[in-house]
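User: Please take a close look at one part of this model and follow it outward to what surrounds it. I would like a connected account in which each step of reasoning can be traced.

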Amino acid sequence: MNFNQPQRQSLIGVLVMFTDSFQKIIRGLWPILLVWLFKFNEVNKVYVVLGIVGIIAVIGVFAYLQYRNFTFHIDEENEEFIINKGVLNKTKIAIQLNKIQQVNINQSFIQKIIGVHALDVDTAGSAKKEAVIKAVSEELAQALKARLLKGEQTAAKTVQESEETPVLPEKEPFISISFLSLVKIGLTSNYVRSLALLIAFFGTVYENIQNFTKSNEIEGDQINNYIDESLAMYSATIFIVMLLGLLLVINLGRTIIKYFDFKMAKQGRSLLLSYGLLNTKNTIIRPEKVQLVTTSRNFLQKKMNVLNIKIRQASGNADAHDEKDKSAIEIPGCNERERDEILTLLFREIPQKGVALLPNYRRLIVAVVLYIVLPLTVLFFLDRYTILPIQEYLIFVPLYITFTGILLYFSFRNSRLFVTENFIISQQGAWDIEHQIIEPHKIQAISTSQLFWHKSVNIGSVTLYTAGGNVSFHLGNYTHIKELVNLWLYQVEASDKNWM
């Protein structure tokens, strides 16, 4: 196909842009819409219908203008991928072809229905996607992806030809994550995240209902009394069981929907990933671009022989933790054999733990002060000098001390930094034990720190910076840390391996 001339997306893509804008409005206004449902009989139906029709009309016009003003082409002379977009504010994006790190072809539920695909273009210069084409045919998407990655494919071919035993592409998946493995992972992970979502959901609903009742001169005490009477019908045990059940359902459903039919296939030394039930994602992993690999599992997952792998490639903003986690490629539900196959493909060998750097016991003392002593001091201060109803919650103090103390102890005991000639492995975690793996030649910067009161006991901290994230180790033997830093700096300077 010829991409030299500006061209638009598929006309049917107007529907994709319409649904994207519509769902953003629903997400922003859902608390208000939920409250309106309680007062639906008192609302003027004519105004509601006119308002909905007006909003739909505005979104439709906006979606059409987005389609008309969005064009893309390749400037062969300057070797750039050009995108023009915008409705009120026009934007021109120029991406150098040799800077493109990743091109992914995805398909949302709406895109599946209307038969179009989305194309995401990513470089190492930003934590966000530089360009997103939301509605093109599969044929055009594949052709454009091949053209954008032409330079990299040529380089990869050259590297492969220079190897003594070239790896031939494989059409069939060499690893497929089974449905049972997804169920195991869904039932044993992400409890904290799901609990936070539930608290945020119910808190937002309750707050908006309260604001609505106040603005409409409804006695808030009536609502509160009704809630209190309803909750009084259930014991705390039943509530906790229901909450845990809801957490399990949410985790299981989210895992299955997101990672359904997860397949990995080889293409040369690259990994091709495809997964998703409602939203299908296709992406590629190249070993030379992998900066940080994290394997994690807890006690239950260990007994079930499943674990998670997160792979982070070069990112333009390694300090943005949230963006870095969102851009990480996750492989859920691997068993140990599949983990070893993936690590061998990425690193050409299975990383082994070498010499262990242990934290000083003062790290545990600091954690106890920060997470037990300080919070309890504030709690007792509030109970002693304020009129807040703190007394009734003091019965939970022994439980808090026991639970937090166990977590801090296991977090300290599991904290290790393993070092070999080819790998650095950081182990951490209390319940979910993580192993972060990096290769020394991919280190971009190293920082060490030592507080003045730690000099007499010779302890300090070190942070390793890569283009895909950072690895830190705190309060270890400072002399040993400095020796390792000198070794890593020498390896970075002496290595002729590529990190991109």
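Analyst: In this predicted model, the buried residues of helix α14 are Val397, Thr404, Leu408, Phe412 and Asn414. An α-helix has 3.6 residues a turn, so residues three or four places apart point the same way. The helix that carries these residues, α14, runs over residues 397–414, and its 18 residues reach 26 Å from the first C-alpha to the last, close to the 26 Å expected at 1.5 Å a residue. The cover over the buried residues of α14 includes a helix, α13 (362–385), together with the strands β15 (416–419), β16 (424–428) and β17.

One of those covering elements, β17, leads on to a loop, for Glu439 lies between β17 (433–438) and β18 (445–449). Is Glu439 buried or exposed? With a relative accessibility of 12%, Glu439 counts as buried, since the cut-off for that class is under 20%. Leaving aside residues up to four places away in sequence, Glu439 touches Phe347, Asn422 and Phe423.

Burial can also be followed in a strand, and here β5 serves as the example. All seven of the seven residues of β5 (residues 117–123) are buried, so this strand is largely enclosed by the rest of the structure. In a regular strand the side chains alternate between the two faces of the sheet. In β5 both faces are covered, with His117, Leu119, Val121 and Thr123 buried on one side and Ala118, Asp120 and Asp122 buried on the other.

The pairing of β5 adds to this picture. Strand β4 (residues 100–107) pairs with β5 in the antiparallel sense over six bridges, and Leu119 in β5 is the bridge partner of Ile105. On β6, which runs antiparallel to β5 and is joined to it by four bridges, the bridge partner of Leu119 is Ile133.

These strands belong to an open sheet of seven, in the order β6-β5-β4-β10-β9-β8-β7, with antiparallel pairing. The edges are held by β6 (131–136) and β7 (175–176), each of which has a single partner strand, so one side of each is left without a neighbour in the sheet. Elsewhere in that order, β9 (residues 270–275) and β10 (residues 280–285) pair in the antiparallel sense over five bridges, and Tyr275 stands opposite Lys281 in β10.

Conventions
Residues numbered from 1 in each chain as written. Predicted model: local features only at pLDDT ≥ 70, side-chain atom pairs only at ≥ 80, totals over all residues. Heavy atoms only, no water. Pairing = 2+ DSSP bridges. Helix = DSSP H or I, 4+ residues; strand = E, 2+ residues; numbered from the N terminus. Buried < 20%, exposed > 50% of the residue type's maximum accessible area, 1.4 Å probe, protein only. Contact = heavy atoms within 4.5 Å. Expected span 1.5 Å × (residues − 1).
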